[in-house]
Amino acid sequence: VQLVESGGGLVQAGGSLRLSCAASGLTFSNYGMGWFRQHPGKEREFVAHISWSGGGTYYADSVKGRFTISRDNAKNTVYLQMNSLKPEDTAVYYCAAAAFASRRNTQYNFWGQGTQVTVSS
């Protein structure tokens, strides 16, 4: 199984980025997909989750209304559209696959390598 994130980078506060995560080696449509982030020196935290069908989405309160998770099962890809970015959104962002919807990183079976997002003030 391989999950490969892309789309990270440096952006000014108030700007936007779209992260992508391409999956291979698993039946993508059988898995819920999540995005997590990790600030330096802190634990990995939940950002968003989307159900296998795309019909259910869940967000951390800190990103609700600014971030949107979506997926394209034909392309085995999950996305995270990030708008109105803030300096506190600076982190390494990871995508992950889980059999069930969860905000807990221990419930996710597979992880990508992460992509850095830096928001300057």
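A disulfide is a covalent bond between the sulfur atoms of two cysteines. For the purpose of this report, a pair of cysteine sulfur atoms within 2.5 Å counts as a disulfide. The structure described here is a predicted model.

## The disulfide

A search of the whole structure finds 1 disulfide. Its partners are cysteine 21 and cysteine 95, whose sulfur atoms are 1.9 Å apart. Cysteine 21 belongs to strand E3 and cysteine 95 to strand E9 (residues 91-98), so the bond ties together parts that are 74 residues apart in sequence. The link between cysteine 21 and cysteine 95 is right-handed, with 45° about the S-S bond. Are these two cysteines buried or exposed? Both cysteine 21 and cysteine 95 are buried.

## The sheet that holds E1 and E3

Strand E3, the home of cysteine 21, is part of an open sheet of 4 strands. The order in this sheet is E1-E3-E8-E7, and the pairing is antiparallel. E1 and strand E7 (67-72) are the edge strands, each pairing on one side only. From one strand to the next, the twist averages 15°.

In a regular strand the side chains alternate between the two faces of the sheet. Strand E1 (residues 2-6) gives an example of alternating side chains. Leu3 and Glu5 point to one face and are buried, while Gln2, Val4 and Ser6 point to the other face and are not buried. E1 is joined to strand E3 (residues 17-24) by 5 bridges, and these two strands run antiparallel. One of the residues in this pairing is glutamate 5, whose bridge partner in E3 is cysteine 21. Cysteine 21 is thus named twice in this account: as the bridge partner of glutamate 5 and as a member of the disulfide.

## Glutamate 5

Glutamate 5 is found in strand E1. This residue is buried, yet it has no salt bridge. Which side chain of opposite charge is nearest to glutamate 5? It is arginine 44, at 7.4 Å. A salt bridge requires a side-chain nitrogen of Lys or Arg within 4 Å of a carboxyl oxygen of Asp or Glu, so a distance of 7.4 Å does not qualify.

The side chain of glutamate 5 does meet backbone nitrogens. It reaches the backbone nitrogen of cysteine 95 at 2.8 Å, and one of its polar atoms lies 3.0 Å from the backbone nitrogen of glutamine 113. Cysteine 95 is therefore a contact of glutamate 5 as well as the disulfide partner of cysteine 21, and it lies in strand E9.

## Strand E4 and its partners

Strand E9 also pairs with E4, in the antiparallel sense and over 7 bridges. Within this pair, the bridge partner of methionine 33 is alanine 97 in E9. E4 pairs with E5 too, again in the antiparallel sense, over 5 bridges. Here tryptophan 35 has alanine 48 in E5 as its bridge partner.

How many residues of strand E4 (residues 32-38) are buried? The strand is mostly covered, with 6 of its 7 residues buried. E4 and E5 form a hairpin with 6 residues between them, and glycine 41 in the turn has a positive phi of about 75°.

## Residues in loops

Positive phi values also occur at two residues that are not glycine. Asparagine 76 has a phi near 50°, and serine 84 has a phi of about 50°. The table lists these two and glycine 55 with their places and accessible areas.

| Residue | Loop | Relative accessible area |
|---|---|---|
| Glycine 55 | between strand E5 (45-50) and strand E6 (57-59) | 72%, exposed |
| Asparagine 76 | between E7 and strand E8 (77-82) | 26%, partly exposed |
| Serine 84 | between E8 and E9 | 41%, partly exposed |

Glycine 55 is 53 residues from tyrosine 108 in sequence, and the two are 19 Å apart in space, C-alpha to C-alpha.

Key:
Residues are numbered from 1 along each chain as its sequence is written. This is a predicted model: local features need pLDDT of at least 70, side-chain atom pairs count only at pLDDT 80 or more; totals for chains, interfaces and linings use all residues. Side-chain values use heavy atoms; hydrogens and water are left out. Buried means under 20% relative accessible area, exposed over 50%, partly exposed in between (1.4 Å probe, protein chains only). Two strands pair if DSSP finds at least two bridges between them. Axes are lines fitted to C-alpha atoms, for helices over the stretch in contact, and angles run from 0 to 180 degrees between N-to-C directions. Lys and Arg count as positive and Asp and Glu as negative; His and the chain ends are not counted. A polar contact is a pair of N or O atoms within 3.5 Å; within protein, one must be able to donate a hydrogen and the other to accept it, and residues adjacent in sequence count only if both atoms are side-chain atoms.
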